[in-house]
Each structure stands twice: as structure tokens, then as C-alpha cells.
Amino acid sequence: MENTHTLVLSIPSWSWSNTVCVGKFTNKDHHNDIHIPSCRFCLPISTGFTSTTKTNSPLFIREKRIDKSSIGVRLTAKMAENEGKAVTTADVLSGDMIFEPILEDGVFRFDCYGDDRNAAYPSLSFVNTKDRDTPIMSHKVPLYTPTFECLLGQQIVELELPAGTSLYGTGEVSGQLERTGKRVFTWNTDAWGYGPGTTSLYQSHPWVLAVLPNGEALGFLADTTRRCEIDLRKESSIRVSAPSSYPVITFGPFSSPTAVLISLSHAIGTVFMPPKWSLGYHQCRWSYDSAKRVLEIARTFREKDIPCDVIWMDIDYMDRFRCFTFDQERFPEPKSLVKDLHHIGFKAIWMLDPGIKREEGYFVYDSGATIDVWIQKEDGKTFVGEVWPGPCVFPDFTQSKVRSWWANLVKDFTSNGVDGIWNDMNEPSIFKDVTKTMPESNIHRGDDELGGCQNHSHYHNVYGMLMARSTYEGMKLADEKKRPFVLTRAGFIGSQRYAATWTGDNLSNWEHLHMCIPMVLQLGLSGQPLSGPDIGGFAGNASPRLFGRWMGIGAMFPFCRGHSETDTIDHEPWSFGEECEEVCRLALKRRYRLIPHIYTLFYLAHQTGTPVATPTFFADTQDPSLRTIENAFLLGPLLVYASTIPDQGSDILQHALPKGIWMRFDFDDSHPDLPALYLQGGSIIPLGPPHQHVGESKPSDDLILLVALDEHGIAKGILFEDDGDGYGFTEGGYLLTHYVAELQSSVLAVRVNKVEGSWKRPERRLHVQLLLGGGAMLSTWGKDGEVIEIIVPSEDEVSRLVSMSEKQYRKHLENAKLIPAVEEVSGHKGAELSRTPIELKSGDWLLKVVPWIGGRIISMLHLPSGTQWLHSRVEIDGYEEYTGTEYRSAGCTEEYNVIERNLGHAGEEESLMVEGDIGGGLVLQRLITIPKDMPEVFRIDSSIIAHKVGAGSGGFSRLVCLRVHPTFTLLHPTESFVSFTSINGSKHEIWPESGEQHYEGDLMPNGEWVLVDKCLGLGLINRFNPSAVNKCLIHWGTGTVNLELWSEDRPVSLQSPLKICHTYEVKKIL
């Protein structure tokens, strides 16, 4: 039986706070996500922004038909076991949430109703879901109680906090460190070339860390695996919306953010203990395409005295991209390759994707098909999606039998000498699909303890974590005496138990260099301390200075890996000239000196849940001026201060230090392109020799203790030591030393204060270095375990030493060989990605334009809603214009000149005019304007103009067509469509599954069409003059849509240019 639903959408001219469902429904079960996975009958609720601009064009949207009989009867019966999980609500229900204490004092679970406690699905973020579901005895009550609203199948939760609260967390997110004003959606997405406004990346962490004005902190976890909107646009307020029902867990307020993160770790677990070698430098590329090339890279590191521990093998090592295979021509003997790598101190990490080629005779496919491990479509048939090998099937990691099957494949795979595994594409990413992933209606026959049989929308966000878990378990099966190392691209809150992560496919430009610091910090503030970016940027060509600066910062991150995309120039440390090579060498030797300290931080993170890298404000949570610093971070008491500005080195950067004593130091390696280092007073950190790889280190190596005294003349620090691998440390096989330094009179005594573990202290020399300020230090040698004393000179002598050291420091910087400031790099793909776009910011819009590649607009950020509408790769997509009917004809790649630039803050309208020579005496001219009297709109006036058309042609050019080609991103592809009323009055609603459509004559839109995102409740309105447009075209891509305007196809002259003028505006849609 078919059910027809009519949904009316209109554009209001008033303020609003919530959207409402105005459709008439005959299907009483339409909100049950199990039976109708992609609900298009209602609009989610989201906070609105005020609009005062009126429109005379209401949208009348005809809803699609859904035939419930198409859902497999067998699967519906199977899912019936979970029917009770859906929450039945009236049209609108709201109020304060009810709470019960769980886990430990100060942790509370909130639900809308008592019945919801039983209706909620099992927790996949908690280590043990019983900890979330079992109340404890406690006399504490929550200081802050969230409110809820249940409307149209959505549960909206809001928590109001004191004015002046700062918000962090939300996991893997781009953009600013302090998240007030931002909104994200937890929906794991293959987000190549993301920007600061991208709202869904590769991982999902429905978690917010709130730092209150008094320095205390509170954690907020929406414990749902479903797509979740986290809206922080209202100051000091957390607003979350996701399908009903789910509990909210709050942690605190506790005395500090660290205390909150420790409490969070008691719920979601701590980071796995990494093998020590994994804290060295990793070199990767897509791809080192042969065993010969891999060894060549590895040997070059050793020849050039640049430390490195790991070489990575991207997808091209496989036989036709089939997982668990090796190309017999390029990687014929992987065991031999790994043996050669091990001989010179390198580990080898290999990629495994979830997509398994559907090919009979391929042993992985055959074994999986035999035991029925594949994800199914809603009709019960195996789902097939296109990825690198071609048509692929996908393991259903929600089943224990499938995880066991995969783990055993991994176990056998590691026998080839595999030291670590890289899980990529596991959002899961699917090619040639508008959603960039599999249908939400796909079926996972999950274990009961995970949530049972559910559609993909329930398990999508945890798919990558479950794959990483299976890979981790497989590596443990292979060798119980070794710690697995797994890197995953997709993840969920809690995935740190199994894998490290990186920040995905970033760009080789200064914006992404700056952004990588807050991204790594946000992951750490969300429970994932082992992360880092692709150093140098993945897509595009880094300049020498950009690469060197990135290496300087990246060498201080918890996870340190360089990686670059195919068809870009080489991105090894020696690829950018001698000056950059030296900076990279210095940076990595810094890291290797610091590995004893970094390894100790990871031991503490593993044992107690403390973070590894933290924002500067962790040193003083009450100082609001520190809360937005994005170019510095802490590694315990070590402060790293970097410059992410191209023409400003760290030597001239103003360093805003937390209160207290901070001692600058270096290793006689200061350089303008390296970060400045400070040690907090009252701290001791352990240092080691700058080995070429971690395997060179020995317990008998000289140990350095770097000491900075506090105002009382005391300092403390710890050092963790064990075998660097295996699990002997869990049975006492380690040495944890607590050192203390105390100044009495003029004598500093350094001694062991406390010891843990059964390891005997190694026989080794101890070098104590006491920081005096300005880089000056006193040092002495002794034997570790014995009391070591330093005579501290008079204040006058200390001042003299500090002054001398500062002079030497300045001289060292003056003599440093600077990396050339060459920002335009010749080479292959993405050669122009490091240049800085022109910004237009006024009213409701922030636009970014790259004149040097087609005058393209690469960013259309709508400020009131925080929505980025354009999908752009800098060198392709975004807003382009062509001068012919063929795709990417002249006009989209030429270098444009800036003809005129007016700045809004100078009293002018914010505008930019660019012009590009398209040959044959023609130019394509584009004027982009944000009008002062209509700040909610921006306007584009484009023309093909004949400047120098020869007399022999009669003053007319060749045939040209002005073709406007914007590529818009679909944040919610299954809930997005295009709506318009044709010139003849017919109404159209075009969904992604309709494919490419074009409209001419009376079927063309009558002057406007709207890209609607129902999840956001927003519409992007494109208005134009129909008399200037000959054809409109809609093309749906993978997570994108093109809304093209075509002029007529004709010659132009000086008197008859081709012109299209059009505007964009965002409206709230009801």
C-alpha cells in the first residue's frame, strides 16, 4: 500500500525559534526510523536566525511516495525485536530532564522520562554499557539541568551555562579552537579538502567540554550513535538535536578540564598504550609505488641524518586494490622488504580498507561470502558499492562473527612482517553516490549488546570504530607480546581504545597549518590524545617555508606523520632545498630528544585518562585571555609556541604566557621557523639523545633532566620506562621514577623521591640542567639514583648569565639560514594551493576568491547559520564560470586579474571585480558585491566582453556561452532537494536520485530556484533574470549538486556582450 504525503514549505518574514511539521500524514508510524530509515515527512528543529526580508514566492513541495511494501518482510520481522526502542511522543513534549547519578560522584545521566532509560539503545561510547545504565548511591545533585523538547521524532536537549563559559570539544572539527558560534553534525564523512566551515568530518564525538568563568569545567555527552546536531551558536549554551531517544551524560562541574577528562575516561576508556616506536616520525605518501622506492626513501633518511621510525604503504601495494594482497610486480616479497627495513631501524605500516572486491576466486570475498558477513540492502540482498577495486561488498562489523573473521585475516596478514595497520575509507566512503556513503536503509545484523539488527543510519558513525576494533584484535591475535598499532580515519567517541587517528585529507596551505593545532587539541579534549595532521598538507604542493614551519609544529604533536597526495611534488624533508631540510632535521631531533617525556605522557594518559596535548589555558583556566590562543599548546608543563603566519617567524611573535614562571629553552637549535619552547616553573621533564630511530635507544643512555624551579625553589617530574612494547608493564615490569629538585640556600639538590615498578634502575649517567631564564642554564653530571647538587651563583651572576644567553640567542637567530619565502611552487597537482585567497566579508556572508585559478569562489560561508554552501578543492569545483557549453571550457582555469577591490569597512560596498583573458580578444569579467542596503544577499554580475575582436570577423567573436557552474556541498544528501516554480506555473521538486536534469523554455525556473536542506531547515535561494538565461541544469554528484545557469550560445561584440546577473540568499524554510 502506498501512502502519499504533501509537505508545504514557505519562506517566513519573521523571527522563529523552531520549525514545525505542517504536513498531513496517513502513516502513523512515519517516525519509526527502523522501518522507514530516511524520514522525509518532518523537518528537524534547529535554532533560527532572524530575517526581515520578505519574499513573494512560497514554496509548494510535493513529497515523494514511499512504498512500505518494499521493505523486506524477513528483515522487518527480525527488527521487530527492537520495536519497543522507538519513543512514542505527542506532537510537542518538553520540560526539565530527569537525572540519576551513575559511574562516580559528579556524573549524572539525564533522560526525558523514566521510560526512556529502558528505551535507549546500548552505549557504544562507554566501555561497559552497564556503567551508563546502573545508578549509584550519591548525595550529590547536578548544578545544571538540561531541558528537552521532543518534536516530530527529534529529541532536542539544551543546557544553559553561566555567561562567560567557553566551549570546546566536539571531536574532529575544523575551524576555531573555542567553539562558541559554531555548529557541527556528527555524521562521518569523506571530507577531502575540507575547510574551516565544514560541518561534518571523518569522526563523530557528540561531546562538549565547557570551561566555566571560574575555571571549573563540565562535560556534556549526548550518548547516541545517530546523526546529531551540536549547536553552540548561542553563547554559553549547548544545544543538541538527534532522533529520539537518547540519554545525556554530564561530568562535573569538576575543579578543572583535566578532572573532567579523567572522569570521561572512566566511562569511555583511555587511549591504548602505544608502542614506543610509534611516537617517532612516520613518512608516508600516496604512494611509494614499489619496494625499491620504499627502501630508497628509508635509506635517504639515514644518509641525511634525519630521524624516522616508520614507512607507510598506501593502497598501491595491493594487487588491483584488493585488501590482504600484494602486487607481485611492485611488492613481490613483502617479508624481504620488511626485513630490509627492520635492519635499518624502520617499521612498516600497511593500509587496509573495508571495501572487499566482489570477485569469486578472491579468497577474502569467498571466505566472507561463505559465512555471510556482508552488509545487506533493505531487501535482504548483499549491498554492493563502488570503491577503489571496483564493485565491493562491506563487512558488517556489528556482528561478533564478522569481527572474528576480520581479525583472523589480519592475524594472517601480519605474518608478512606487518608492524602496523592503517584503516582508511571506513566512514564508510562509497564512490559515485551522492551521499558519499552507503544508503541509510542498509541493514546491519548487529549483536544484541551493540543494539541488534538496525539500519545503517544507526551504525554509520560507529562503523569505523568497529573496524578499528576488529583490526586491533587481529593484531593482538597475531602476537600477544606486541602492542598493536592501528590508525583509523573514521571513528567515534571511544575509538581511542583501539586506534590513533589523523585529521584527514587536509590542504597544503597556511590556513590548514594554523587549523591543525586546534584540530589536534579538540580531539584530545574529546578523549582521543593520539592524533596529528598530515604534515605539509595532503593535497597540493607545499612551499619550502610552509613545509618547514609545518614540520616544526608537527614534530611536537602526539602523532607525527608526513603524508602527501599522488600527483603532487615530493614532500620528504629533503625535497624543498637545503634550508628547509635543515629545519626539518632540527625539528625531528627535537622530537626524539623529547620522546622520554612524550612516552611518559602517554603512559599517564593510558593509565589515568589525562590528556597529552592541551590548549594553553590548561595552565591557568581562570584567565579568559588564554582561552582562544590557537598557535600554542602544552605537552604537560612544556609550552610550544609556534607561528602560523607566513612572513612572521617565532622569533618576532608576541608570546602570551600564562601567569607564573615560564623558562625559555632550546637545544642550541633556535630558528625563526621552529616553535619557541618554554618550561613551566615547578617542573622537571626527562630528555634523551636525538637517536635516528627509537630502536637505537638503550636503558643505559645518558638521561637529561631539564629543571625549572617555581617561586618556592621546588620542581617535580616523572619518567616512565619499560620495554617500549608488549604488556609487561601491566604486571609490574616497568620503572616509574618521581624526581624532585629543591633549592636550599644556594644549593640545588636533585634526587629520586619515589619509585614504582619492579624494574631495576639502569646504570647510567644523569645530566641535570637548571634553567635560569633567557635560555641560560647551569648543568652538572652525576649518576642516576644518587643525589646530585648544583651550586647556584649570586643574583648578579645569574643576571650576567641570562644576559649573555639572550645575546647568543639573538645572534644564533640572526645567523640562521632562513627558508626562502617562495610561495608559488612549480609542480604537479595543486601547485597553487598555498596562495592566500581574497576575502569579502560583509553582512551575512564571508566569501573567498582565488583570482589565480579562474577567478573562482572557493567559500560561501553564511555567517548567521554558520553554513558553508560551496564544495571546493581550491583548484577545482567551488563557483566557476565557463565560456562554452562543454564542461570546464575556457574561463575556469585561467589566471584572472583584480580590476577593482572595495572594502566595506572603508565606507564602500564590499566588492571585487576580476577579469580573465579567455583568448580570441575576449575576457570574462566578474563583479562580486555584497550590497550595503541588502546585507543578506550577495550578487554576481558576469559578462563575456569583446575587447579586441579582429575587423576580419566583422567585429564579432567566436560562438560563446556564459555558463555559471557552482558546486554546492550537500551536508545532508538524503534530505536535500531543489525546488522551483517554472515559467508556465508548474511546480518542481528535484531529489538527488533524479540524476541530471535540464530545463529550457517555459519549464525553466521563473527567476529563482532553491536548494533546500531539510535537516538544517534552510534554503539557498538563487535569483536571476530569466530573459538572460537560456537553460538551467541540475547535476547531482557525490555529496554535491551543481545548479547551472546557461546564457544563449552566440558571438559577442563590443556592443553586445553576454551577461548573467544573479544573487544568492539564505532563508529559513518551514
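Two strands count as paired if DSSP finds at least two bridges between them. In this predicted model, pairing of that kind builds an open sheet of 9 strands. The points below cover that sheet, the cysteines and one buried arginine, Arg764.

**The sheet**
- The strand order is β51-β52-β53-β54-β63-β60-β59-β56-β57, and the pairing is antiparallel.
- β51 (896-902) and β57 (987-990) are the edge strands, each pairing on one side only.
- On average, neighbouring strands of this sheet are turned by 15° against each other, direction ignored.
- Inside the sheet order, β56 (residues 976-981) and β59 (residues 1008-1013) pair in the antiparallel sense over 4 bridges.
- Phe977 stands opposite Val1012 in β59.

**Cysteines**
- A disulfide is a covalent bond between the sulfur atoms of two cysteines.
- The count here is 0 disulfides.
- The cut-off is a pair of cysteine sulfur atoms within 2.5 Å. The closest cysteine sulfur to that of Cys580 is in Cys584, 4.1 Å away, so it is too far for a bond.
- Cys580 is buried, at 0% relative accessibility.
- Cys284 is also buried, with 0% relative accessibility.

**Arg764**
- Arg764 sits in the loop between β42 (747-756) and β43 (765-773).
- Its relative accessible area is 6%, so Arg764 counts as buried, the limit being under 20%.
- The Arg764 side chain makes a polar contact of 2.5 Å with the side chain of Glu721.
- Another polar contact, of 2.9 Å, joins the side chains of Arg764 and Asp784.
- Leaving aside neighbours within four places in sequence, Arg764 is in contact with residues including Pro699, Ser700, Asp701, Leu703, Leu719 and Tyr739.

How values were computed:
Residues are numbered from 1 along each chain as its sequence is written. This is a predicted model: local features need pLDDT of at least 70, side-chain atom pairs count only at pLDDT 80 or more; totals for chains, interfaces and linings use all residues. Side-chain values use heavy atoms; hydrogens and water are left out. Helices (H or I, at least four residues) and strands (E, at least two) are DSSP runs, numbered from the N terminus. Axes are lines fitted to C-alpha atoms, for helices over the stretch in contact, and angles run from 0 to 180 degrees between N-to-C directions. Buried means under 20% relative accessible area, exposed over 50%, partly exposed in between (1.4 Å probe, protein chains only). A polar contact is a pair of N or O atoms within 3.5 Å; within protein, one must be able to donate a hydrogen and the other to accept it, and residues adjacent in sequence count only if both atoms are side-chain atoms. Contact means heavy atoms within 4.5 Å.
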